[in-house]
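Q: I would like to learn how to read a model of this kind, one feature at a time. Could you take me through it, giving the general idea before each case?

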Amino acid sequence: MKILILDPERKVPYRISKDTSGGYGTGNDFGDTFIPKFLKKTLRLVHDWPPLFAIYSMSVLKNYGHKVNYSKTLDNHFEEYDLYIVVSSIVCCETECENIKKLKKLNKKILVIGPFATSNPKKYIEAGGSVILGEPEFFFLKYKNLNEIEFSETVIFNHEFKLDDLPYPDWKGVIKKNKTSLLFGMEKSLPILATRGCPYSCFKYCVYPLQQGRKPRHRSARNIVDEIEYWKNKLNIRMFIFRDPVFSINKKHTIEFCNELISRKLNIRFVIETHLRILDSELIKKLKNAGLKAVKVGVESGVEEVLKSASRFTVKKDEQLSKIRELEKNNILISAMFIIGFPTDNEDSIMKTIEYAKKLNTTFSQFSVWTPYPGTPVYKEFENKITAKNFEQFDQYHLVFSHDVLSPEKIRNMLSKTYTMYYGRINWLFKFVKNSLVA
Ligand code: SF4
């Protein structure tokens with residue numbers, strides 16, 4: 001079969017990433033003043049990754065002998081293909097549905113994949129697509145002969161596959177050659193996966209467990225390092241960004257992975273996103289020896305009551321600070337992620353969060369806006385308060401519900417302030433230069 005993986009994006013002057021927020025996607029619209037504008041333009045230039053589930057699907061289909069291409073636009077692709085697979089997201093939902101409607105008029109076969117369509121299939125079905133519910137790469141692994149599929153509204157499937165059963169993602173020809181990961185150095189990088197699933201209590205507002213589940217599943221250490229070695233030899237990639245929601249949930253598995261990497265002397269670097277509670281001194285040293293360059297950690301708020309009311313799985317501020325300093329002593333870069341606009345936030349608590357971010361003074365900080373995502377348990381509580389007119393407004397950088405004390409304008413204004421107050425400091429510049437030289 002001739003298949004097009006269609007990954008439509010709306011046209012905006014900042015980076016759209018469907019790979020983030022559990023596959024719902026975000027639009028990095030950091031704010032409206034000089035510093036956030038500069039940051040969002042820079043990020044747009046240096047990062048462009050399709051979501052892993054789409055690229056895994058592409059590999060599985062190619063391995064079964066299909067001719068598969070990837071495109072962000074339908075232009076010049078109207079007539080050629082037997083099957084169109086549309087990559088869903090909240091952040092480009094209406095644009096994706098427009099594309100589906102155009103294809104439907106031509107009587108094309110259309111499958112829609114991804115976590116957002118899995119949790120919210122209605123709009124895609126109304127537009128004319130058939131939605132695969134669940135992890136699409138496993139669906140394609142199960143159905144070698146796509147003619148067997150009955151194109152009904154939703155396609156539900158059960159599978160017994162493991163992450164190790166997947167082929168390596170088909171990055172060749174998808175990642176533009178000039179896109180690198182400047183934020184963590186000048187090296188070309190690739191996303192990679194070790195684990196899916198997260199068991200922590202913040203699942204009430206987080207979308208990762210919706211599709212990946214709350215029970216962690218991981219690839220074998222050997223399989224992960226085989227892939228790293230493959231990309232190093234094939235594309236000369238020396239930097240890998242792990243896309244696990246929480247890296248190292250299983251310490252034993254992480255130590256096995258590090259030992260495998262160290263024993264093969266591949267001399268590569270990697271970046272992880274994890275929880276500070278997981279990192280102890282033994283693990284930090286082991287990860288560093290294996291090549292850990294940077295860690296992304298969710299700090300969320302500087303106010304403990306705000307975190308508690310949001311059921312955030314967290315550690316006390318003292319412990320947070322000492323872990324961050326320990327990572328820095330080991331020359332590991334840190335990117336701290338904060339959220340403003342929690343339901344219990346107000347101007348004063350947001351200012352406290354900014355002050356706390358400045359105190360931590362990590363190499364990078366990212367601020368976004370609390371969002372009750374459709375499909376998550378918390379959405380039900382906020383359903384009647386939603387003010388967003390369409391799904392694309394759920395970009396994680398705008399207020400989408402009627403907040404008790406903060407207006408959408410105030411939130412945008414405070415978002416710009418977070419970036420300006422954080423990055424517009426000589427102390428940050430000093431830290432950035434110092435850490436970048438040693439990490
Ligand atoms: S730790 Fe919380 S926010 Fe992070 S992936 Fe797990 S449930 Fe989501």
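Q: How many bridges join β9 to strand β12, and in which sense do the two strands run, parallel or antiparallel?

A: Before any reading, note that this is a predicted model, in which local features need pLDDT of at least 70 and side-chain atom pairs count only at pLDDT 80 or more, whereas totals for chains, interfaces and linings use all residues. Residues are numbered from 1 along each chain as its sequence is written, and side-chain values use heavy atoms, with hydrogens and water left out. Helices (H or I, at least four residues) and strands (E, at least two) are DSSP runs numbered from the N terminus, and two strands pair if DSSP finds at least two bridges between them. Here four bridges join β9 to strand β12 (residues 239-242), and the two run parallel; P191 has I241 as its bridge partner in β12.

Q: Which residues of strand β9 are buried, and on which sides do they lie?

A: Buried means under 20% relative accessible area, exposed means over 50%, and partly exposed lies in between, with a 1.4 Å probe and protein chains only. In strand β9 (residues 189-192) both faces are covered, since S189 and P191 on one side and L190 and I192 on the other are all buried.

Q: Which strands pair with β7?

A: Strand β6 (residues 109-113) pairs with strand β7 (residues 130-133) in the parallel sense over two bridges, with L111 standing opposite S130. Three bridges then join β7 to strand β8 (residues 154-156), again in parallel, and I132 has V155 as its bridge partner there.

Q: How is the chain divided into domains, and how far apart are their centres?

A: Domain bounds come from an automatic or database domain assignment, and in this case they give domain 1 (52-163) and domain 2 (180-438). The centres of the two, taken over C-alpha atoms, are separated by 29 Å. Contact means heavy atoms within 4.5 Å, and the contact between the domains takes 21 residues from domain 1 and 20 residues from domain 2.

Q: Which residues touch the most other members of the largest nonpolar core, and why does this core lie between the domains?

A: In soluble globular proteins, nonpolar side chains tend to be buried together. A nonpolar core is a set of buried Ala, Val, Leu, Ile, Met, Phe, Trp, Tyr and Cys residues joined through side-chain atoms within 4.5 Å. The largest one has 113 residues, of which F140, I228, F242, F257 and F270 touch the most other members. Its largest share, eight residues, comes from helix α2 (residues 52-63). Domain 1 and domain 2 both give residues to this core, so it lies between them. Among the contacts of F242, leaving aside residues up to four places away in sequence, are I192, I228, F257 and F270. A second, separate core of 30 residues includes V12, C92, Y124 and V400.

Q: How many aromatic pairs are found, and what is the geometry of the pair F116 and F391?

A: Rings of Phe, Tyr and Trp (its six-membered ring) pair if their centres lie within 6.5 Å, and planes under 30 degrees apart count as stacked, over 60 as edge-to-face and the rest as tilted. A search of the whole structure finds 32 such pairs. F116 and F391 are edge-to-face, at 5.1 Å centre to centre and with 80 degrees between the planes. This pair links distant parts of the chain, 275 residues apart, with F116 in helix α4 (residues 115-119) and F391 in the loop between α14 (377-382) and α15 (408-423). F116 is buried, with a relative accessible area of 0%.

Q: Which charged residues sit over rings?

A: A charge sits over a ring if NZ of Lys or CZ of Arg is within 6 Å of the ring centre and within 35 degrees of the ring normal. K2 lies over the face of Y81, at 5.3 Å from the ring centre, and the charged end of R425 sits over the ring of Y422, 4.7 Å from its centre. Y422 also belongs to an aromatic cluster that includes F30, Y419 and W428.

Q: Is N331, with its positive phi, buried or partly exposed, and which is N361?

A: Most residues other than glycine have a negative phi, and most peptide bonds are trans. The phi of N331 is near 60 degrees, and N331, in the loop between α12 and β15 (333-340), is partly exposed at 31% relative accessibility. N361 has a positive phi of about 45 degrees, but N361 counts as buried at 11% relative accessibility.
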